[in-house]
Amino acid sequence: MENIGEIIKKYKANPFEVYPVLTPHTGYVHLMVKLGQTVKRPIDPWQQKGGTLLYTILRQGNLKRIYAPIDGEIMDIKRELDEQFVEANTYLMSIRHPLTEDEIIDKILSDFLDIFRAPEAAKYYFVPELAKKIEERGLQKVIIQPGEEILIMSRMKRDIHLVYEGKPGIIHTVYFRPNVTIPEGEPLLGICPPERVSFINDLVQRIRLEWKV
Amino acid sequence: MLELEKKIEHLRKDLDYITDIKGEIFGERLTEIRNWLSEIAKKIYELPRERAETALNDIEAQIEFFEQEAEKYLEPLDYVRIARHPYRMTLKDILENVYDDYTELGGEEKCNIDPAMVVARATISRRVGSRVYTHQVMVIGHEKGHGEEFRNGGSAKPWGNEKALRFMRVAETEGIPIHTYIFTPGAYPIEDPPGAAQQIARNLYAMARLKVPIIAVISEGGSGGAEAIGLADLRLMFSHGYYSVISPEGAAAIEGKIKEGQDLPPELVKSCAEQLKITASENLKLGTIDRIIQEPPLGAKGDDFEFFNQLKHEMIKATDEVVLKVRGLSVLRGYYVKKKTGEKNNAVYVRWELDEKEISKLLKQRAEKYENMGRGFFADRRSFLKKRVDEVCYGWLKIKSLLYFGIFKRPYRWVKRFVDDLRGEFLIITDRVLRPFTNLKGAIEKKFKRPTVQLAYEVPPKEDTYLGEIYVSPLANEDRTISCPNALRYGCYDIWVPDLYGELNGVCPNCGHHFPLEYQWYMNHLFDKHSIKEFNTEIASINPLGYQGFDEKLKEAVRKTKRHSALITFDARVRGISLVVVMLYSDFRNGTVGAAEGEKFILACKRAKVLRRPLLAYVHGTAGIRIHEGTIGVVQMPKCTVAVREYIEAGGLYIVVYDNNSYAGPVASFLGCAPYQFAIRSSRVGFAGPRVIRETTGEDVPPDYHSAENALKRGHIQGIWDRRDFRKNLYMALITMGGKNLYYR
């Protein structure tokens, strides 16, 4: 069993994620930000306006503006490449993104839970028996066994029952909503062994407390 | 004492009102009066009643004096303040005080399909001698609700306008006149079904031939929202209202290129209000309204009962006037109604129900009224001789059309119909007589004849190999690449510009995104070779309101485009089918519509009607009504819609195709009313742009809110066409929608 204090210490020591910024193609690069500058991702709900301009790249007379994909601070910027011709996938800078409370919880959960992902883009529902059990006992009281049908994948009026093939466990987190189409590969359920539930809940609780302070 | 307290409250409100409208010219004097009133209010129970009454009467006289003083110095922007003030009369006040009785239809207060639009079945009565006559009317209008938030300030939502139309039809069925009251800053600019633009267009289209008298009164006439219930036989306006193409603040934001969130300079707003010619007297001069209803100084408030009495007589008089104009026996009454005003015309009685003959006269007069509206606000650059020659040519065209379609074709059509029916009848007889023989023949053939293999040769359809004149877009002259806006979504590669605007016809080879192309491309690729013959090119836009700086902008547009208006009208052919085309193009003042464009449009409708040809409106781009022409521009909405309705009623086929960006007034009137509307891929169609929506509703709209795909989902358009298939699709549309009636029903 991992030590909760250790895990929190690890995230406290480095509550950041570093996003490298690479050129999409060849061209002349003109950097628009400085080292240490705070940048913002597009603020509108459609992620189109208001982002900080990181650099422009000119290829064959076609000037493209590249905006920050995420909030953070510029680090390790290659100033020597400013106004230079660069190849595709050339590293220009990194954005150090401070992780929020929810992002840390998401990361930890993805480490400690077995994620059951959507095999196809479709709508997902619990099978009626499991839904009834969850309703009666509560989400974290129902243990699912390998070989058990857990979900119905509904697409174009074609319902397919999905069988769980992992280790026995309880459903800790449900990532999907009924009647909403989930893209392929997106997480549907986070499953963990029953004995780890209290550990994960404690961990989430501690993170919420620690990050609020 | 209660009376005195009420009076104090009333006077306090009057003081607030003067302060809000024109407080700045009185300075400290208003404060003194206010202090005096406060002192009396404090001592109301201590002072002797007579003294308090005298003091309050003095204050009242002083306030009246202030009102009269302020009235002398009213500026256009003050009329806007008056019309928007929460103390101003609203439709509910009018319904309570002008009409004897009313029943609200389609909900009440908050429990309403749209509280901003009130519809009521009401009665209005008049005394003639000792008899009282009661008339039934349908009252429709915007309700601002004295600051009630759920009324949206009188901004009707699309379903509110739909409600208005529904009850207009009820009035039509019942044959009762309609009184509309316009108290709106503009329509609520959302595209939720039925869609702001679509519904206004439908309202205008229906009102163009609604078979009952319509009287409209304008208090706050905000552009398209006002027109949704404003197409009337008689348009009245309150003396302290305003009627405008755009709010002065909106005009200032456009003129001053003020960014979103920045404060508008008050001087610029004031200047725009002055230049837009928004007041009642200015609108009367422009001919966009017929008469002014005089209000008390600084405008009528909710408790001006004397004014409501006057309004009642004005409404009765206006309805009488409209009815008498179409009535046979009306000489004396017509004269009396015209000459006498107010209670003096009490001796007149007019029955408001119309018979069939009167209805057709009413509709004819309505069409003529709108045809003549806004005339004289464009330039006709033709010489005197050319004008006469054109008149003669048009006259000859009409005679030819009458001879061919009216005299030669009509009996031919009758004979053809009769022969068709006769043949149908005959087929039944021959079938009954011959069936035993054919059955026998079939049976014999089946028994003795060997089956033969029959080779069916299908004649391949003739391919349309026409690829247009050799025309290459000047956009293709740039030596660079361009990114597709959908590159992130679909992974489109950069496209070489000469390829894109050359052989790719401006279409992304990966995702099919259509890059904008100039209107000349369509003129060269869409129509048959050498088939385009432009007409009315000499009708030119001018600066009718003398808007500051607009002359230079016009000159620049003329220099850039070598044309004189934003609308090109021409005869053309598509795979042999002749049609009349109107083309709004964005290079000239963003394709905005003013008096010249409106006139050219109705002349094209008339030409299509005379020549019995389909009418195609291709919208290369339009930003709406030209704000520099003020209400002259706004009236082009009903004017052109009436022309379209007349053309369609006469049997014409009207098709609209949107391209690039098509917004606002034209879409909410003569374009949006078309039964068949299509859009070119990647175009945007809507009522108001994202900024206006954001500023009005407080909500952001998604980037694809106005896209052709969403317009199709909402039912605004009937299909999306690829630019490369435009010619083919247009031909198919003409054939399938026109069919036998292509050249007239």
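Me: A residue counts as buried under 20% relative accessible area, as exposed over 50%, and as partly exposed in between (1.4 Å probe, protein chains only). By that reading, is B:Asn710 buried or exposed?

Reply: This is a predicted model, in which local features need pLDDT of at least 70 and side-chain atom pairs count only at pLDDT 80 or more, while totals for chains, interfaces and linings use all residues. Residues are numbered from 1 along each chain as its sequence is written, chains are lettered from A and ligands numbered from 1 in the order in which they are written, and side-chain values use heavy atoms, with hydrogens and water left out. B:Asn710 has a relative accessible area of 14% and is therefore buried. B:Lys92, at 15% relative accessibility, also counts as buried. For chain B as a whole, 52% of its 745 residues are buried.

Me: Where do B:Asn710 and B:Lys92 sit, and which residues does each one contact?

Reply: Helices (H or I, at least four residues) and strands (E, at least two) are DSSP runs, numbered from the N terminus, and contact means heavy atoms within 4.5 Å. B:Asn710 belongs to helix α25 (residues 708-713) of chain B, and, leaving aside neighbours within four places in sequence, B:Asn710 is in contact with B:Asp704 and B:Tyr705. A polar atom of the B:Asn710 side chain lies 2.6 Å from the backbone oxygen of B:Asp704. B:Lys92, for its part, is in helix α5 (residues 91-97) of chain B; with neighbours within four places again left aside, B:Lys92 is in contact with B:Tyr102, B:Glu104, B:Glu109, B:Glu143 and B:Arg151.

Me: How should I read the strand order in a sheet, taking β9-β16-β14-β11 of chain A as the case?

Reply: Two strands pair if DSSP finds at least two bridges between them, and the order is read from one edge of the sheet to the other. Here the four strands β9-β16-β14-β11 (chain A) make an open sheet with antiparallel pairing. The edge strands are β9 (114-117) and β11 (143-144) of chain A, each with a single partner strand, so one side of each is left without a neighbour in the sheet. Within the sheet, β14 (residues 169-174) and β16 (residues 187-192) of chain A run antiparallel and are joined by four bridges, with A:Ile171 opposite A:Ile191 in β16(A).

Me: Which other strands of chain A pair, and what happens at the turn between β4(A) and β5(A)?

Reply: Strand β2 (residues 27-31) of chain A is joined to strand β4 (residues 53-59) of chain A by four bridges, and the two run antiparallel; A:His30 stands opposite A:Thr56 in β4(A). β4(A) also pairs in the antiparallel sense with strand β5 (residues 62-67) of chain A, over six bridges, and A:Leu53 there faces A:Tyr67 in β5(A). β4(A) and β5(A) form a hairpin with two residues between them, and A:Gln60 in the turn has a positive phi of about 50°.

Me: How is the interface read, and which residues of chain A lose the most area to chain B?

Reply: Buried area is the accessible area (1.4 Å probe) that two parts lose on being put together, summed over both. Chain A and chain B bury about 770 Å² between them, 47% of it on carbon and sulfur atoms. A:Trp46, A:Gln60 and A:Asn62 lose the most area to chain B, together 60% of what the chain A side buries. The contact takes ten residues from chain A and eleven residues from chain B.

Me: What does B:Asp494 touch, and which polar contacts does its side chain make?

Reply: A polar contact is a pair of N or O atoms within 3.5 Å; within protein, one must be able to donate a hydrogen and the other to accept it, and residues adjacent in sequence count only if both atoms are side-chain atoms. B:Asp494 lies in the loop between α16 (487-490) and β12 (495-496) of chain B. Its side chain makes a polar contact of 3.1 Å with the side chain of A:Lys64 and one of 3.2 Å with the side chain of B:Ser483. Not counting residues up to four places away in sequence, B:Asp494 touches residues in both chains, among them A:His25, A:Arg59, A:Asn62 and B:Thr481.
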